[in-house]
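Me: I would like a close look at a single part of this protein, one helix, followed by a careful walk through some of the surroundings. Please take it slowly and connect the pieces as you go.

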Amino acid sequence: MEKIDVVIVGGGLSGLACAYRLADNDLQVIVLERGDFPGSKNVTGGRLYLEPIKPLIGDMLEGAPLERRVVRERWSLLGDNNSLNIDFTGERLRKTGHSYTVLRATLDRWLSERLMEKGVFVIPTKRVDDLIWEDKTVAGIVSGEEEIPAHVVVAADGVLSFMAEKAGLKPKMKPKNYAVGIKEIIELSEEKINDRFNVEKDEGCAHLFLGDVTKGMFGGGFLYTNKDTISLGIVIGIKALMERAPTIEAHTLLDDFKARYEIKRLIEGGNTIEYSAHVIPEGGYNTISKLYGDGILVTGDAAGFALNMGVTVRGMEFAIASGIIAAETILMARQKGDYSAQTLSSYEARLRETFVLKDMMNCKDMPEFLDNDAFFTYYPKYFPHFVEKVMWFGDQPKEKIGQTLWRELKSSGMMSFKRLKELYSIKNI
Ligand SMILES: Cc1cc2nc3c(=O)[nH]c(=O)nc-3n(C[C@H](O)[C@H](O)[C@H](O)COP(=O)(O)OP(=O)(O)OC[C@H]3O[C@@H](n4cnc5c(N)ncnc54)[C@H](O)[C@@H]3O)c2cc1C
């Protein structure tokens, strides 16, 4: 059977971006997506950073249905019954639009429609089951009864990538290398969102939470404002969830989160219109898969390109960038008429020149740094506690603020060698 040029497995942002860069190059490209439509099975928090990908995307996102430009960054430490919040905004953030909230069911679908206008076949409800091999070279895919031979396969099939696994490119993963995210999309009027989050029309807020939201387990909560919906969810480390005794159902954590004073008032009157759950790669640089083989490239989450930076989560711009660079590698390989691993290895070399592998490498110690219960138990308990002590005015004369603070710092163990060592280790992340 005659080979088509490129089969892309997975119609998420990574697969679609790859197809977009390949379009208009007189190539036969098909994208196979197991969901009902691209976006139907894709989950993100989510906020997309545009600045890192601007040099790569050309006109790909022109007119894209982005939700709101993030102009307000918030972080909260949630104690059992109190919280400490940081709210940051600034002229630079308000004027540049460096990141936007997005809804994947809208964005991915829109991008796939643009692709179809360009003549790329995006085929939904098509699950790929296996790879075709010619000697030790990937030579296409198998979907049900059908075989589709191809010169090159792009594994853009997300975090659990069976394609990368079947190609022998995925390293052995452990539960601590993954987290699970649970998310609701809550409908709320545009005016209410603007009022409650103190933003203007089209301006948005990104808010991350640590502490009681995960009952002290690795992970956190997130809230992103969209045009007329709110994305609210939690992320919990799979290892922490497995080791929890007594066990706890992840969805009850989300219910408790929604019931908290800090959240309840923000979502009051809203209707949940979507509920989803998804796995997230948490291993960082040290668990990235092998990125190429004979006849195959691995992109996006499938490759492990996602970064939990503590103060923000990134994955989508890595997915888009790696998809585009994979496409450019394929165009170069086609000119040579050679899809061997040796030729495709320039994919990794290109990624090393861009933010994708540079940022992943810079943050390689982050997973280890975050693998510390204190960030999810101790600090979220004590920081709000200090503020409460200082700001409480009772029926007794008020002692000096410095005295209160010093006593509380000492009794909390904040001045111990262990805590100072933690503070010192911040320089590594
Ligand atoms: C709760 C949560 C919050 C997040 N927050 C953020 C955020 O705020 N910002 C950010 O940048 N990133 C965030 N991320 C990460 C980000 O969403 C991912 O990095 C990104 O979606 C990866 O895109 P992708 O195209 O590589 O994979 P995916 O979007 O997962 O796409 C893979 C596609 O492959 C399809 N597929 C899988 N197997 C097959 C098969 N065998 N055959 C055919 N199709 C198949 C799937 O249906 C899917 O459509 C978050 C992730 C989660 C889960």
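Reply: In this predicted model, helix α16 runs over residues 378–391, and its 14 residues reach 20 Å from the first C-alpha to the last, which is close to the 20 Å expected at 1.5 Å a residue. The buried residues of this helix are Tyr379, Pro380, Tyr382 and Pro384, and they pack against strands β4 (69–78), β5 (83–89) and β12 (203–211) as well as against helix α17 (401–412). As background to such a list, an α-helix has 3.6 residues a turn, so residues three or four places apart point the same way.

One of those partners, β4, also helps to place a residue elsewhere in the chain, since Gly63 sits in the loop between α2 (54–57) and β4. Gly63 counts as exposed because it has 8 C-beta neighbours inside 10 Å, where the cut-off for exposed is 12 or fewer. Its C-alpha atom is separated by 33 Å from that of Met361, a residue 298 places away along the chain.

Ile185, by comparison, belongs to strand β11 (residues 178–187). Ile185 is buried because 20 other C-beta atoms lie within 10 Å, and the cut-off for buried is 20 or more. Leaving aside neighbours within four places in sequence, Ile185 is in contact with Thr229, Ser231, Ile273 and Glu274. The C-alpha atoms of Ile185 and His151 are separated by 40 Å, although these residues are 34 apart along the chain.

For the wider setting, the domain assignment gives domain 1 (4–67 + 102–171 + 288–353), domain 2 (176–281) and domain 3 (370–428). The C-alpha centres of domain 1 and domain 2 lie 28 Å apart, and the contact between these two domains takes 12 residues from domain 1 and 16 residues from domain 2. On the side of domain 1 that touches domain 2, the residues divide into six nonpolar, three polar and three charged.

Turning to the interior, the largest nonpolar core has 107 residues, and those with the most contacts inside it are Val9, Val153, Val154 and Ala155. Helix α11 (residues 316–336) gives the most to this core, with 11 residues. Ala155 can be followed further: not counting residues up to four places away in sequence, it touches Val9, Ser161, Met163, Ala164, Ala167, Ile296, Val298 and Ala302. In soluble globular proteins, nonpolar side chains tend to be buried together.

Key
Residues numbered from 1 in each chain as written. Predicted model: local features only at pLDDT ≥ 70, side-chain atom pairs only at ≥ 80, totals over all residues. Helix = DSSP H or I, 4+ residues; strand = E, 2+ residues; numbered from the N terminus. Expected span 1.5 Å × (residues − 1). Contact = placed C-beta atoms within 7 Å. Domains from an automatic or database assignment. Nonpolar A, V, L, I, M, F, W, Y, C, P; charged D, E, K, R; others polar. Core = buried A, V, L, I, M, F, W, Y, C linked by C-beta atoms within 7 Å.
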